[in-house]
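Hi,

Here is the structure I promised to pass on. My notes on the ligand site and on one pair of helices follow below.

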Amino acid sequence: MSQRERPESEHERGLVVETAKPELERPPLFRVLLLNDDYTPMDFVVEVLQLFFGMNREKATQVMLHVHTRGRGVCGVYTREVAETKVSQVNDFSRTHQHPLMCTMEKA
Ligand code: TYC
């Protein structure tokens with residue numbers, strides 16, 4: 001087949017733009033944090049850590065005391081949607097019980 005007759009390839013016609021990248025990247029992770037305050041009872045913080053972060057009483061007490069002495073502490077690391085849900089659930093629960101406990105998140 002001569003150069004004149006050869007059918008143009010898809011690439012030459014501009015149809016093949018880019019091969020799709022396999023979706024293998026790990027999603028960004030976020031740390032969920034508790035902040036210290038002067039009013040929330042220690043027992044309430046321990047209960048929150050057990051209820052929302054699946055900690056046993058010993059681990060929850062350790063984390064609560066860390067927050068109490070250092071000002072803030074990590075409750076867990078999650079994808080964005082899970083972290084946002086934990087933050088909302090904890091803050092709603094604290095408000096419902098009229099405690100000023102604050103839960104927040106930051107990029108890991
Ligand atoms: N500082 C509180 C107290 O003395 C206890 C506390 C611990 C509050 C951790 C919040 O995230 C917190 N009662």
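**Around the ligand**

The ligand is surrounded by Leu 34, Leu 35, Asn 36, Asp 37, Thr 40, Met 42, Val 45, Met 64, Val 67, His 68 and Leu 101 (a residue counts if one of its heavy atoms lies within 4 Å). Please keep in mind that this is a predicted model, where local features need pLDDT of at least 70 and side-chain atom pairs pLDDT 80 or more, while totals for chains, interfaces and linings use all residues. Residues are numbered from 1 along each chain as its sequence is written, and side-chain values use heavy atoms, without hydrogens and water.

Shell residues come, at least two each, from β1 (29–35), α1 (42–53) and α2 (57–70) (DSSP runs numbered from the N terminus: helices H or I of at least four residues, strands E of at least two). The biggest share, three residues, belongs to α2.

Backbone atoms also reach the ligand. A polar backbone atom of Leu 35 sits 2.8 Å from a ligand oxygen. Ligand nitrogen atoms are found 2.7 Å from a backbone N or O atom of Asp 37 and 2.9 Å from a polar backbone atom of Thr 40. Of the 350 Å² that the ligand exposes when taken alone, the protein buries 89% (Shrake-Rupley method, 1.4 Å probe).

**Two helices**

The axes of α1 and α3 (residues 80–96) come within 11 Å and cross at roughly 145° (lines fitted to C-alpha atoms over the stretch in contact, with angles from 0 to 180 degrees between N-to-C directions). Phe 44 and Phe 52 of α1 are among the contact residues, as are Val 90 and Phe 93 of α3 (heavy atoms within 4.5 Å).

Best wishes

Definitions and conventions. Polar contact = N/O pair within 3.5 Å; in protein donor to acceptor, adjacent residues only side chain to side chain.
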